[in-house]
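Please open the model in a viewer and keep the sequence panel at hand. The tour below proceeds from selection to selection and states what is found at each stop.

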Amino acid sequence: MAQKVAVKDASAKCSDAQLKSMYERCEADKDGRLSQAELQNLLTEMGVEFPHLRAKSLLWHADENQDGSISLSEFGTLIKYALKLSTVPKA
């Protein structure tokens, strides 16, 4: 069973090392990019409602170079946007 990720405070700040660690944990196929499918899997594990639609939304908001995936440099933008989502369960 997948462990749920708790978000305690939307204003919490992450260090570069923490962001990199989260990114590497989410990036299942190790190709250097987060795909929409990988984002959807992450959101499902987090218990987010409508993970397919939310993954599309995250990709649209954070994919700064419009290549269809999230790079490590875009991951911080993704996290900031994701923390604003009201469907992320709070601890």
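A residue is called buried under 20% relative accessible area, exposed over 50%, and partly exposed in between, with a 1.4 Å probe and protein chains only. By this scale K20 is partly exposed, because its relative accessible area is 41%. The model is predicted: local features need pLDDT of at least 70, side-chain atom pairs count only at pLDDT 80 or more, and totals for chains, interfaces and linings use all residues. Residues are numbered from 1 along each chain as its sequence is written, and side-chain values use heavy atoms, with hydrogens and water left out.

**Whole chain**

Begin with a cartoon of the entire chain, which shows four helices and zero strands, in the order α-α-α-α from the N terminus. Helices (H or I, at least four residues) and strands (E, at least two) are DSSP runs, numbered from the N terminus. Of the 91 residues, 34% are buried. In a surface view, the accessible area is about 6000 Å², and carbon and sulfur atoms contribute 54% of that area; the areas come from the Shrake-Rupley method with a 1.4 Å probe. Among contacts with a separation of 6 or more, 51% join residues 24 or more positions apart, a contact being heavy atoms within 4.5 Å.

**Colour by confidence**

Next, colour by pLDDT, the predictor's confidence in each residue, from 0 to 100. The chain has a mean of 78, and 77% of its residues reach 70 or more. Among the elements, α1 has the lowest mean, 82, and helix α3 (residues 51-62) the highest, 91. Now select residues 1-11, where the pLDDT is below 50; beyond near neighbours in sequence, this stretch has 17 contacts in the model. Where pLDDT is low, the predicted coordinates should not be read in detail.

**Helix α1**

Select residues 16-26, which form helix α1, and display the side chains of its buried residues, L19, Y23 and C26. Why do these residues lie on the same side of α1? They cover an arc of only 65° around the axis, the arc being that of the directions from the helix axis to the C-beta atoms. What covers the buried residues includes α2 (36-46) and α4 (72-84). Rotate to the face turned away from the buried side, and the exposed residues A17 and R25 appear.

**The aromatic pair**

Keep Y23 displayed and add F75; both are buried. These two rings form an edge-to-face pair, 5.3 Å centre to centre with 75° between the planes. Rings of Phe, Tyr and Trp (its six-membered ring) pair if their centres lie within 6.5 Å; planes under 30 degrees apart count as stacked, over 60 as edge-to-face and the rest as tilted. The structure holds one such pair. Y23 lies in helix α1 and F75 in helix α4, so the pair ties together parts that are 52 residues apart in sequence.

**The salt bridges**

Finally, how many salt bridges does a search of the whole structure find? There are two, each defined by a side-chain nitrogen of Lys or Arg within 4 Å of a carboxyl oxygen of Asp or Glu. Return to α1 and select E24 with K20, whose side chains meet at 3.9 Å, N to O. Both lie in this helix, four residues apart, about one turn. E24 is partly exposed, at 40% relative accessibility. Then select R33 and D31, whose closest N and O atoms are 3.3 Å apart in the salt bridge. R33 is partly exposed at 42%, and D31 is partly exposed at 37%.
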